[in-house]
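User: Hey, could you walk me through this one? I'd like to know what packs against what.

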Amino acid sequence: MARKPIAEMSFSQIYPLLVQKAERRGRTRAEVDAACCSTSRRR
């Protein structure tokens with residue numbers, strides 16, 4: 001299966017991958033949520 005560039009993926013496709021990576025590194029889903037909210041906040 002060919003890899004899809006991350007710029008072409010929707011957030012709903014990326015979020016589970018972010019959670020998996022965070023959990024492998026000892027982080028929690030809540031920390032992923034906090035990071036996503038802080039980076040996607042409108043200015």
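User: Which residues make up the largest nonpolar core?
Analyst: Tyr15, Val19, Ala22, Val32 and Cys36, so the core has 5 residues. A nonpolar core here is a set of buried Ala, Val, Leu, Ile, Met, Phe, Trp, Tyr and Cys residues joined through side-chain atoms within 4.5 Å. Two elements give two or more residues each to this core: helix 1 (11–24) and helix 2 (29–40). Helix 1 gives the most, with 3 residues.

User: Before we go on, what am I looking at?
Analyst: This is a predicted model, where local features need pLDDT of at least 70, side-chain atom pairs count only at pLDDT 80 or more, and totals for chains, interfaces and linings use all residues. Numbering runs from 1 along each chain as its sequence is written, and side-chain values use heavy atoms, with hydrogens and water left out.

User: OK. How many helices and strands are there?
Analyst: The protein has 2 helices and 0 strands. Helices (H or I, at least four residues) and strands (E, at least two) are DSSP runs, numbered from the N terminus. The C-alpha atoms fill a box of roughly 30 × 30 × 10 Å along the principal axes.

User: And what share of the protein is buried?
Analyst: Buried residues are 14% of the 43 residues. The cut-offs are under 20% relative accessible area for buried, over 50% for exposed, and partly exposed in between (1.4 Å probe, protein chains only).

User: Back to helix 1. Which of its residues are buried?
Analyst: Ile14, Tyr15, Val19 and Ala22. They sit on the same side of helix 1, because they cover an arc of only 140 degrees around the axis. That arc is taken over the directions from the helix axis to the C-beta atoms. Helix 2 is among what covers these buried residues.

User: What does Val32 touch from the other side?
Analyst: Val32, in helix 2, is in contact with Tyr15, Leu18, Val19 and Ala22, leaving aside neighbours within four places in sequence. Contact means heavy atoms within 4.5 Å. Val32 has a relative accessible area of 9%, so it counts as buried.

User: And Cys36?
Analyst: Cys36 touches Phe11 and Leu18, not counting residues up to four places away in sequence.

User: Switching topic: how many aromatic pairs are there?
Analyst: A search of the whole structure turns up 1 aromatic pair. Phe11 and Tyr15 form it, tilted, at 5.8 Å centre to centre with 45 degrees between the planes. Rings of Phe, Tyr and Trp (its six-membered ring) pair if their centres lie within 6.5 Å; planes under 30 degrees apart are stacked, over 60 edge-to-face, and the rest tilted. Phe11 and Tyr15 are about one helical turn apart because they are 4 residues apart in helix 1.

User: Tyr15 keeps coming up. Is it buried or exposed?
Analyst: Tyr15 is buried, because its relative accessibility is 18%. The side chain of Tyr15 also makes a polar contact with the side chain of Asp33 (2.5 Å). A polar contact is a pair of N or O atoms within 3.5 Å; within protein, one must be able to donate a hydrogen and the other to accept it, and residues adjacent in sequence count only if both atoms are side-chain atoms.

User: Where's Asp33 found?
Analyst: Asp33 is in helix 2. With 31% relative accessibility, Asp33 counts as partly exposed.

User: Last one: what happens just after helix 1?
Analyst: Gly26 takes a positive phi of about 85 degrees there.
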